Amino acid sequence: QVQLVESGGGLVSAGGSLRLSCTASGTIFSINVMDWYRQAPGKQRDMVARITSGGVTNYADSVKGRFTISRDNAKNTVYLQMSSLKPEDTGVYYCHATVTTTYTGSYWGQGTQVTVSS
């Protein structure tokens with residue numbers, strides 16, 4: 001069984017920064033894509049940033065130039081450095097990963113709240 005555990009959320013003023021972390025644990029053979037999704041109140045869950053095992057990244061247009069995704073493959077951990085935060089960045093941030101154990105599956109973390117005050 002694979003677990004993803006996020007940390008680093010909180011309350012920050014507009015213009016501030018936060019760093020989210022997500023670590024995968026369990027009997028893991030390999031981790032392919034790791035990404036961060038965001039769900040604002042009353043809205044759908046949308047992809048914010050994505051990184052492949054080879055380090056190729058992809059960002060939602062709304063966060064380009066402000067957010068940076070990175071990963072430490074040795075620690076099975078993905079990070080999201082968020083800068084120049086805006087009130088519209090508020091939401092629950094979920095870590096997601098495609099993980100190969102005895103099969104390849106999709107796994108989600110429990111989510112961490114990020115609130116940006118104006």
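The accessible surface of the protein chain comes to about 6,100 Å², and 48% of that area belongs to carbon and sulfur atoms; the areas follow the Shrake-Rupley method with a 1.4 Å probe, and for residues only the protein chains shown count as cover. Please keep in mind that this is a predicted model, in which local features need pLDDT of at least 70 and side-chain atom pairs count only at pLDDT 80 or more, while totals for chains, interfaces and linings use all residues. Residues are numbered from 1 along each chain as its sequence is written, and side-chain values use heavy atoms, with hydrogens and water left out.

Let us begin with the overall fold. The protein chain has 0 helices and 11 strands, where helices (H or I, at least four residues) and strands (E, at least two) are DSSP runs numbered from the N terminus. Read from the N terminus, the order of elements is β-β-β-β-β-β-β-β-β-β-β. The radius of gyration is 14 Å, close to the 13 Å that the globule rule gives for 118 residues, so the protein chain is as compact as a globular protein of that length. Here the radius is taken over C-alpha atoms, and the globule rule is 2.2 Å times the number of residues to the power 0.38. Along the principal axes, the C-alpha atoms fill a box of roughly 45 × 25 × 20 Å.

Of the 118 residues, 43% count as buried (buried means under 20% relative accessible area, exposed over 50%, and partly exposed in between, with a 1.4 Å probe and protein chains only). Among contacts (heavy atoms within 4.5 Å) between residues at least 6 apart in sequence, 53% join residues at least 24 apart.

Now for the strands themselves, with S3 as our starting point. Strand S1 (residues 2-7) is joined to S3 by 6 bridges, and the two run antiparallel; two strands pair if DSSP finds at least two bridges between them. In this pairing, Leu-4 stands opposite Ala-24 of S3. S3 is also joined to S8 by 6 bridges, again in an antiparallel arrangement, and the bridge partner of Ser-21 in S8 is Tyr-79.

Arg-19 is a good residue to look at within strand S3. With 45% relative accessibility, Arg-19 counts as partly exposed. Its C-alpha lies 5.6 Å from that of Leu-80, although the two residues are 61 apart in sequence. Leaving aside residues up to four places away in sequence, Arg-19 touches Ser-7, Gly-8, Tyr-79, Leu-80 and Gln-81.

From S8 we can step across to S7. Strand S7 (residues 67-72) and strand S8 (residues 77-82) run antiparallel and are joined by 6 bridges. Tyr-79 in S8 is the bridge partner of Ser-70. The two strands form a hairpin with 4 residues between them, and Asn-76 in the turn has a positive phi of about 55 degrees. S7 has two faces: Phe-67, Ile-69 and Arg-71 make up the covered one, while Thr-68, Ser-70 and Asp-72 make up the uncovered one.

S3 also takes part in a covalent link. The structure has 1 disulfide, defined as a pair of cysteine sulfur atoms within 2.5 Å. Cys-22 is joined to Cys-95, with an S to S distance of 2.1 Å. This disulfide links distant parts of the chain, with Cys-22 in strand S3 (residues 18-26) and Cys-95 in strand S9 (residues 91-100), 73 residues apart. Both cysteines are buried, and the link is left-handed, with -80 degrees about the S-S bond.

Finally, turn to the rings. There are 2 aromatic pairs; rings of Phe, Tyr and Trp (its six-membered ring) pair if their centres lie within 6.5 Å, with planes under 30 degrees apart counted as stacked, over 60 as edge-to-face and the rest as tilted. Tyr-37 and Trp-108 form an edge-to-face pair, 4.9 Å centre to centre with 65 degrees between the planes. Tyr-37 lies in strand S4 (residues 30-39) and Trp-108 in strand S10 (residues 104-108), so this pair ties together parts that are 71 residues apart in sequence. Tyr-37 counts as buried, at 15% relative accessibility, whereas Trp-108 is partly exposed at 38%. The rings of Tyr-94 and Trp-108 have their centres 6.5 Å apart and their planes at 85 degrees, so that pair is edge-to-face. Tyr-94 sits in strand S9, 14 residues from Trp-108 in strand S10, and is buried with a relative accessible area of 13%. Ring pairs thus link Tyr-37, Tyr-94 and Trp-108 into a cluster.
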